[in-house]
Amino acid sequence: MLNRFKSVDRTPGPKGSGDRRLLTVEVIEARNLTAASKNGKSDPAAMVSLTDLGGREIKKEAYSTKIKKDTLAPVWNETFTFGRFSFVRYRCNYQVLSHEF
């Protein structure tokens, strides 16, 4: 479960940029993740992306945190800023994946 994930800021873009917006997302931590390897740990990373209201992913607007090794309670404290183009309504999606090799 991604425990602390929050939208930090949503501000208008530069004057004359139309309806361009910025969304800053801070991925803080996760807790109680399910173990993905035999040693009872995982190598998790969180992925954050935007989709339009039709559910189509905006490919230019996707980020991933660094992989945290051997933990079920990773702390990332990473910040991502979305807003490379104009959009009015969107959904911010997140998921935590394990990078086991």
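## The three-stranded sheet

In this predicted model, three strands form an open sheet in the order 4-3-6, with antiparallel pairing. Strand 4 (57-64) and strand 6 (91-98) sit at the edges with a single partner strand each, so one side of each has no neighbour in the sheet. On average, neighbouring strands here are turned by 25° against each other, direction ignored.

## Strand 3 and its partners

How much of strand 3 is buried? Seven of its eight residues are, so the rest of the structure largely encloses this strand.

Look at the strand 6 side and you'll find eight bridges joining strand 3 to strand 6, with the two running antiparallel. One of the pairs to look for is Pro44 with its bridge partner Ser98 in strand 6.

Over on the strand 4 side, strand 3 pairs in the antiparallel sense over four bridges. Ser49 has Ala62 of strand 4 as its bridge partner, and Thr51 is matched with Glu57 of strand 4. Five residues lie between the strands in this hairpin, and Gly55 takes a positive phi near 90° there.

## The loop ahead of strand 3

Now step back to Asn39, which lies in the loop between strand 2 (21-30) and strand 3 (44-51). What does the side chain of Asn39 make a polar contact with? That would be the side chain of Ser37, at 2.5 Å. A polar atom of the Asn39 side chain also lies 2.8 Å from the backbone nitrogen of Lys41.

Asp70 is worth a look here too: it is 31 residues from Asn39 along the chain, and the C-alpha atoms of the two are separated by 8.6 Å.

Methods. Residues numbered from 1 in each chain as written. Predicted model: local features only at pLDDT ≥ 70, side-chain atom pairs only at ≥ 80, totals over all residues. Heavy atoms only, no water. Polar contact = N/O pair within 3.5 Å; in protein donor to acceptor, adjacent residues only side chain to side chain. Pairing = 2+ DSSP bridges. Axes fitted to C-alpha atoms, helices over the stretch in contact; angles between N-to-C directions. Buried < 20%, exposed > 50% of the residue type's maximum accessible area, 1.4 Å probe, protein only.
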